[in-house]
Amino acid sequence: MKLQKNTRLALYSVLEFAADPARHIAASSIAERYDVSPHHLAKVLSELARAGVVESVRGVGGGYRFAANARRLTLLDVIQLFEDFDGRDERREGGDDTPVGRALATVLEEVDEMARATFATITLATMLRIVERHRK
Amino acid sequence: MRAADLDAVIAIDTRVTGIEKRAYWQGVYKRYGASRSEGRQFLVADAGGVVAGFVIGEVRDWEFGSPPCGWVFAIDVDPDARQAGVGTRLLAAICAGFRAAGVTKVRTMLSRDNRLILSFFRSQGMMAAPFIPLEMDA
């Protein structure tokens with residue numbers, strides 16, 4: 001299981017904001033912590049703001065802050081802002097219509113179903129508890 | 001869990017699932033509510049004399065090759081009493097019972113479509129167990 005770079009960046013950012021919802025966090029601070037390009041991160045934060053997950057705060061000490069409900073927003077909600085995780089991949093590849101191709105698709109769909117069920121049932125609040133466990 | 005609580009448990013289940021299963025619940029009560037042995041537990045949350053929720057489980061030994069552990073078979077909270085920590089307290093109570101019975105691992109299994117209850121168990125710290133449920137047409 002591998003998430004796209006933007007998706008991982010979005011999850012890192014959202015969890016930073018949700019951990020302290022009242023605090024404005026500068027994008028540069030997140031870029032530094034996760035060793036990513038500020039320019040790349042800006043695009044991700046802009047998309048999160050457009051979706052109402054975070055809101056930008058202008059002025060001195062500005063940045064972004066959390067604007068969603070951490071007990072309701074799931075990992076899947078965030079992931080789906082950046083990649084299509086809920087639908088079948090409609091791209092056709094050579095071999096798809098062979099018995100082996102169809103069998104492989106069945107197995108891959110089983111894996112995807114489990115991944116979706118996992119991401120859809122871990123809220124940001126739950127994820128923050130898991131993060132805490134990894135600090136110890 | 002008292003015999004007098006059974007109607008309230010059936011009412012909560014009927015409201016949540018849309019199907020009344022009285023005979024099933026009477027059997028469950030006989031096996032888990034009336035029985036105080038073998039690590040079986042059928043607990044209800046009492047909110048001022050009103051049953052606000054229930055949880056059922058038991059200790060099972062070496063099932064699926066696993067050392068003894070506690071299994072939670074059912075947990076539900078009256079929709080009007082949710083978001084108040086009732087489910088959390090029910091799970092804590094049954095876990096205390098499991099610990100008293102000498103086990104430290106608690107497991108459950110439910111439909112992967114049941115996102116509400118899956119999210120609840122996740123919020124309580126449950127992670128995927130090292131088992132994969134399988135099925136086939138008999």
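A salt bridge is a side-chain nitrogen of Lys or Arg within 4 Å of a carboxyl oxygen of Asp or Glu. In this predicted model, A:Glu113 and B:Arg112 form such a pair, with their closest N and O atoms 3.9 Å apart. The pair qualifies because the cut-off is 4 Å. One salt bridge is the count between chain B and chain A.

The rest of the contact between the two chains can be described from here. Chain A contributes 15 residues to the contact and chain B contributes nine residues. The size of an interface is often given as the accessible area lost when the parts come together. Between chain B and chain A, that buried area is about 1,100 Å², and carbon and sulfur atoms give 51% of it. On the chain B side, B:Arg112, B:Arg115 and B:Arg122 supply 51% of the area that chain B buries against chain A, more than any other three residues. B:Arg112 is thus met twice, once here and once in the salt bridge with A:Glu113. With both residues required to be at pLDDT 80 or more, one residue pair in polar contact is counted between the chains. Sorted by class, the side of chain B that touches chain A has two nonpolar, four polar and three charged residues.

Now turn to chain A itself. Chain A has six helices and two strands, and from the N terminus on its elements follow the order α-α-α-β-β-α-α-α. Along its principal axes, the C-alpha trace of chain A spans about 60 × 30 × 25 Å. Of its 136 residues, 38% count as buried. Among contacts in chain A with a separation of 6 or more, 67% are between residues 24 or more positions apart.

What lies inside? In soluble globular proteins, nonpolar side chains tend to be buried together. Here the largest nonpolar core has 35 residues, and those with the most contacts inside it are A:Phe17, A:Leu48, A:Phe66, A:Phe119 and A:Leu124. In chain A, helices H1 (5–19), H2 (27–34), H3 (38–50), H4 (75–79), H5 (99–120) and H6 (124–135), together with strand S2 (63–66), each supply at least two residues of this core. H1(A) gives the most, with seven residues. Apart from this core lies another, of 19 residues, including B:Ala52, B:Val72, B:Val77 and B:Val103.

A:Phe119 serves as an example from the largest core. Leaving aside residues up to four places away in sequence, A:Phe119 touches A:Met1, A:Leu3, A:Thr74, A:Leu75, A:Leu76, A:Ile79 and A:Phe85.

Notes:
Residues are numbered from 1 along each chain as its sequence is written. Chains are lettered from A and ligands numbered from 1 in the order in which they are written. This is a predicted model: local features need pLDDT of at least 70, side-chain atom pairs count only at pLDDT 80 or more; totals for chains, interfaces and linings use all residues. Side-chain values use heavy atoms; hydrogens and water are left out. A nonpolar core is a set of buried Ala, Val, Leu, Ile, Met, Phe, Trp, Tyr and Cys residues joined through side-chain atoms within 4.5 Å. Buried means under 20% relative accessible area, exposed over 50%, partly exposed in between (1.4 Å probe, protein chains only). Helices (H or I, at least four residues) and strands (E, at least two) are DSSP runs, numbered from the N terminus. Contact means heavy atoms within 4.5 Å. Buried area is the accessible area (1.4 Å probe) that two parts lose on being put together, summed over both. A polar contact is a pair of N or O atoms within 3.5 Å; within protein, one must be able to donate a hydrogen and the other to accept it, and residues adjacent in sequence count only if both atoms are side-chain atoms. Ala, Val, Leu, Ile, Met, Phe, Trp, Tyr, Cys and Pro count as nonpolar, Asp, Glu, Lys and Arg as charged, and the others, Gly among them, as polar.
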